Amino acid sequence: MSASLSISRLSFTYQSWGIRPNDPLFANLDLRVEEGERVLILAPFDKGKTTLAKIICGVCPKYFPGTLEGKIALFGKDLSELQSWQLLTECGYVSQNPAEQFIATTVEGEIAFPLESLGLSREEMKTRIDRCLARWGLTELRGANEEELSGGERKRVLLAIQEAIGPKLWLLDEPFDDLDPRWRTQLRQTLIEKGKTVVVFASRYLAEFADLFDRTLLLDERRIIEMEREALLARFAHVGGDDLPNPMKTQQLSLASSHQLQARNVVVERQRHRGTAHQPFVLDVENFTLNSGEVVTLTGPNGSGKSSFSRLLCGLDEAKGGAVFLDDKEMSERQLNRNIGYLFQNPDFQIFLPTVEEELSWSLRRRREIKSSEVTRRVKEAAELFDLVLEDTPSTMSYPKRKALQAAVYYLLDRPFYILDELDSALTYHAALTIIARLRERGAGILLITHDHVFAKHVEGRAYTIEAGRLVQR
Amino acid sequence: MNISTYISGRGWLYRLDPRAKILLMLLLCVFFFLPISLAGLLITVALIVVVGWHNTGKRNVWAVFRSILPMLIFMVIFSPFSGRGGTPLVQIRSFTLLTKEGALQTLRLAGRFIGITYVCTLLFATTVMGEVILALRFWRLPYKAALVITLSFTYIPFIAESFDRISESHRLRQAGPDERKNYIQRLKDLMPTLTSVLVVALRSIPNLAMSLEMRGLGRDEKRTSYHSLDSYTRLFTDLLISIIMVTLLWLIFKA
């Protein structure tokens, strides 16, 4: 068997923009993936799985500066002698964050762009595009632009592009995240049917897909570790903290007061395609309740309106019918803004100041009734609780740290209710459960949006789902 | 990176040949700088806004206006100071704060700015990126230059979109129900929002470059095009209409 991918003695360190140099991300990392093999590389956060994927694609350190040493060969060719555009049919990459890969103005145009680069005829492109759109349930969205798509739909677009190009090596970074069960199954089928070499990077082990992979590896201590599966999974759970007890199990809540959030006869409407050509998407919510101290999960297919409903609950969007009540009192959008904390999936939209300390104190300092010394005390306490360093710069912190900072900001706001949009996406279970426990400890009610049924099971509580445009309690 | 600008629709602007649309855009941009009456300029801008409303919907028209609003406010606040000669309108003792000429000049500047913004955004809102590139290539622009122009223009809505999302997140981080903000506080709040937008925009640059290369931009093969302009069969008529429209505006509104 010949190797699709061969990495030997790879070392990489990101360029430091501060006084202190960065620690190396990889040191003497070796990896060999045989042709047609499907490999799962488990990697807890900060271990560099996305960086490794980008190095293999030839875009790091080119666009993400750092010092790279070692040898990488793709299908026998030395990567250092190739340009990333030459790898189009060799190696295809699906990012953990689909939004960063969109370049065209429509879904159809997005799939067409790489096919145009390959110089294919219009007929061939049309055949491939139609087939891939149909396979990934995107035919009706062919004219939609990225902004109109849900997280799962974006991921499906990237997978459709991958299928349309048909590269020999598929590099997939957290590919099952954002996908609902139907599309997870479809992805699994695709990986089996295509018979390509596949490398999947994941920060969580999905037992349901265990048989999909020929080998499971671990990225830890700056290198790839291969060992017997059970031992490897135990080590992975330990590194990610998933072998620790569920922090919510032993949690004592301090319920100072009890509240209830309720949405009655609400109609959530979202313009699917801007302009006049398409009908808006509608979700009916007859009755939704969330009580203090409760953790309620919300699941549903991609694009079914989970995020749209969340936006309405926290007053960012207006309901077309019905209303949202807090303790039986109808709430205006402004009042909802101030009572419901909504942690966006992407923390970068919610943190913006130069230091952690400024970030945490921003809201508190605007409240005249809180003394400066009290602000300092609360900020320090929150930083300790969420394991943050006050002097750190948020924009250069790792993803889980930014996520923790985002949660700490809301913790200090002390809202009676929180909506956590796919909190578990790209976090270990333990890290995600710890954040939930922290936010809940003062009795806040939590609505947790997730696609991961295993994660949802860690949270014992009521569950809502969306079926055929209706929100129903399971 | 989100660079979505196209809005699906069926209005007449969608049916206008993209090659003619580009010519119309250029001619209108030139028209705004010709010696025309202020009323004529403002009427033309209003007409363009109405056309945009009819073709792409009021939401888009409002979104475009909102995205340029901060710039317009700066323009309206500061540019009258640069023209203090003429008939005084506002005076503090002997110091002239605003003159009639300064106000009119500001109005003209704002009109041009709004007009050019709408003309450019309407081109990209009613034409898919692939067709814009083909149309630019028809006007003898190399592929990469056409792509750069398209991406540059579509970067504006990306920034506007980021601004909206970040503003929303800031709204959710307001301290409490008792908090009231005056105008100075609101203006101060703009700074972290703009900083965040800048950070998001800067971060998107390597991602965009990475994505373009990963999608094969730069390969040796001759690039083909999925989109075609074959469905536009009235190129000559559309070009003629574009020229006639701008000529008529010039004849009616010339100073």
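Student: Which strands of chain A does helix α6 lie across, and at about what angle does it run to β9(A)?
Tutor: Good place to begin, and keep in mind that this is a predicted model. Look for helix α6 at residues 229–240 of chain A. The strands beneath that helix are β3 and β9 (215–220) of chain A, and the helix runs to β9(A) at about 35°.

Student: How do β3(A) and β9(A) pair, and over how many bridges?
Tutor: Try following one residue of β3(A) across to β9(A): L42(A) stands opposite L218(A). Strands of a sheet pair through backbone hydrogen bonds, and the pairing can be parallel or antiparallel. For β3(A) and β9(A) the sense is parallel, over 4 bridges.

Student: Which residue of β8(A) is the bridge partner of L42(A)?
Tutor: Strand β3 (residues 38–42) of chain A also runs parallel to strand β8 (residues 197–202) of chain A, and 5 bridges join the two. R38(A) stands opposite V198(A) in β8(A). For L42(A), the bridge partner in β8(A) is A202(A).

Student: How many of the residues of β3(A) are buried?
Tutor: You have already met this strand, joined to β8 by 5 bridges and to β9 by 4 bridges. Helix α6 of chain A lies across β3 as well. The strand is mostly covered, and its buried residues number 4 of 5.

Student: What is the strand order of the open sheet in chain A?
Tutor: Nice, let's put the strands together. The edge strands, each pairing on one side only, are β6 (91–94) and β10 (223–225) of chain A. The pairing is mixed, and the twist averages 20° from one strand to the next. With 6 strands, the order reads β6-β7-β8-β3-β9-β10.

Student: What angle does the direction of α4(A) make with that of β6(A)?
Tutor: This helix packs on the sheet. There α4(A) touches β6 and β7 (169–173) of chain A. Its direction makes an angle with that of β6(A) of about 170°.

Student: Which element gives the largest share of the side of domain 1 of chain A that touches domain 2 of chain A?
Tutor: The domain assignment splits chain A into domain 1 (3–240) and domain 2 (260–473), with C-alpha centres 29 Å apart. Their contact takes 22 residues from domain 1 and 18 residues from domain 2. On the domain 1 side, α4 (151–165) and α5 (181–194) of chain A each supply at least two residues. The largest share, 3 residues, comes from α4(A).

Student: Which element gives the most to the side of chain A that touches chain B?
Tutor: Here 61 residues of chain A are in contact with 57 residues of chain B. Several elements of chain A each supply at least two residues, among them α3 (122–135), α8 (333–339) and α11 (399–413). By class, this side of chain A has 29 nonpolar, 22 polar and 10 charged residues. The element that gives the most, with 7 residues, is α2(A).

Student: What percentage of the residues of chain B count as buried?
Tutor: Chain B has 9 helices and 2 strands, and its elements run α-α-α-α-β-β-α-α-α-α-α from the N terminus on. Its C-alpha trace spans about 70 × 50 × 30 Å along the principal axes. A residue counts as buried if 20 or more other C-beta atoms lie within 10 Å of its own. Of the 255 residues of chain B, the buried ones make up 33%.

How values were computed
Residues are numbered from 1 along each chain as its sequence is written. Chains are lettered from A and ligands numbered from 1 in the order in which they are written. This is a predicted model: local features need pLDDT of at least 70, side-chain atom pairs count only at pLDDT 80 or more; totals for chains, interfaces and linings use all residues. Two residues are in contact if their C-beta atoms, placed from the backbone, lie within 7 Å. Ala, Val, Leu, Ile, Met, Phe, Trp, Tyr, Cys and Pro count as nonpolar, Asp, Glu, Lys and Arg as charged, and the others, Gly among them, as polar. Domain bounds come from an automatic or database domain assignment. Two strands pair if DSSP finds at least two bridges between them. Axes are lines fitted to C-alpha atoms, for helices over the stretch in contact, and angles run from 0 to 180 degrees between N-to-C directions. A residue is buried if 20 or more other C-beta atoms lie within 10 Å of its own, exposed if 12 or fewer, and partly exposed in between; C-beta atoms are placed from the backbone.
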